[in-house]
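Trainee: Could you show me how to read salt bridges and pockets in a model?

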Amino acid sequence: MTRLRSAVGGELVERLRVALGPYDEPDLVSALFMAYSGAMMLAGTGTGDFLEVIPRMRMVARLVDPT
């Protein structure tokens with residue numbers, strides 16, 4: 001199970017880095033990864049809906065970089 005979590009986490013981080021392109025900075029990747037992980041936890045526990053993840057991540061991204 002640990003290997004699976006590590007593989008999924010690594011894939012998510014890599015996708016964030018690719019999406020950020022030239023703005024790929026460790027602190028930004030870390031913040032976005034934490035936000036995504038939290039959003040998925042909310043959805044996984046039934047507190048939120050998986051469809052809410054996308055707009056929530058957009059909101060977090062705008063807060064991090066409003067441009």
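The dialogue below takes up the salt bridges and then the pockets.

Mentor: Before we begin, keep in mind that this is a predicted model.

Trainee: How many salt bridges are there, and what is the rule for counting them?

Mentor: A pair is counted when a side-chain nitrogen of Lys or Arg lies within 4 Å of a carboxyl oxygen of Asp or Glu. By that rule the count here is three.

Trainee: Which residue forms a salt bridge with E11?

Mentor: The partner of E11 is R15, and the closest N and O atoms of this pair are 2.8 Å apart. Both belong to helix α1, which spans residues 2–20, and because they are four residues apart there, about one helical turn separates them. As for accessibility, E11 is partly exposed at 40%, whereas R15 is exposed, with a relative accessible area of 57%.

Trainee: Which side chains meet in the salt bridge of D24, and how accessible is D24?

Mentor: D24 meets R17, with a distance of 2.8 Å from N to O. D24 is partly exposed, its relative accessible area being 24%, and R17 also falls in the partly exposed class, at 38% relative accessibility.

Trainee: What is the N to O distance between R56 and E52?

Mentor: In the salt bridge of R56 with E52, the closest N and O atoms are 3.3 Å apart. R56 counts as partly exposed, at 35% relative accessibility, and E52 is partly exposed as well, with a relative accessible area of 32%.

Trainee: Let us turn to the pockets. How is empty space found, and what volume does the largest pocket have?

Mentor: Rolling a probe the size of a water molecule over the atoms shows where empty space is left. Here the largest pocket has a volume of about 330 Å³. It is lined by 14 residues, of which R15, L16, A19, Y36 and M57 are the closest to its centre.

Trainee: Which elements supply that lining, and how do its residues divide by character?

Mentor: At least two residues of the lining come from each of α1, α2 (26–44) and α3 (53–64). By character, the lining of the largest pocket divides into twelve nonpolar residues, two charged and no polar.

Trainee: What is the volume of the second largest pocket, and which residues line it?

Mentor: The second largest pocket has a volume of about 200 Å³, and its lining consists of R5, V8, G9, L12, F33, Y36, S37 and M40. The elements giving two or more residues to this lining are α1 and α2. Its residues divide into five nonpolar, two polar and one charged.

Definitions and conventions:
Residues numbered from 1 in each chain as written. Predicted model: local features only at pLDDT ≥ 70, side-chain atom pairs only at ≥ 80, totals over all residues. Heavy atoms only, no water. Buried < 20%, exposed > 50% of the residue type's maximum accessible area, 1.4 Å probe, protein only. 1 Å grid on protein atoms, 1.4 Å probe; cavity = no way out; pocket = protein on both sides within 12 Å on 5 of 7 lines; lining within 4 Å. Points joined across faces, edges and corners; volume = space filled by probe spheres on them. Nonpolar A, V, L, I, M, F, W, Y, C, P; charged D, E, K, R; others polar.
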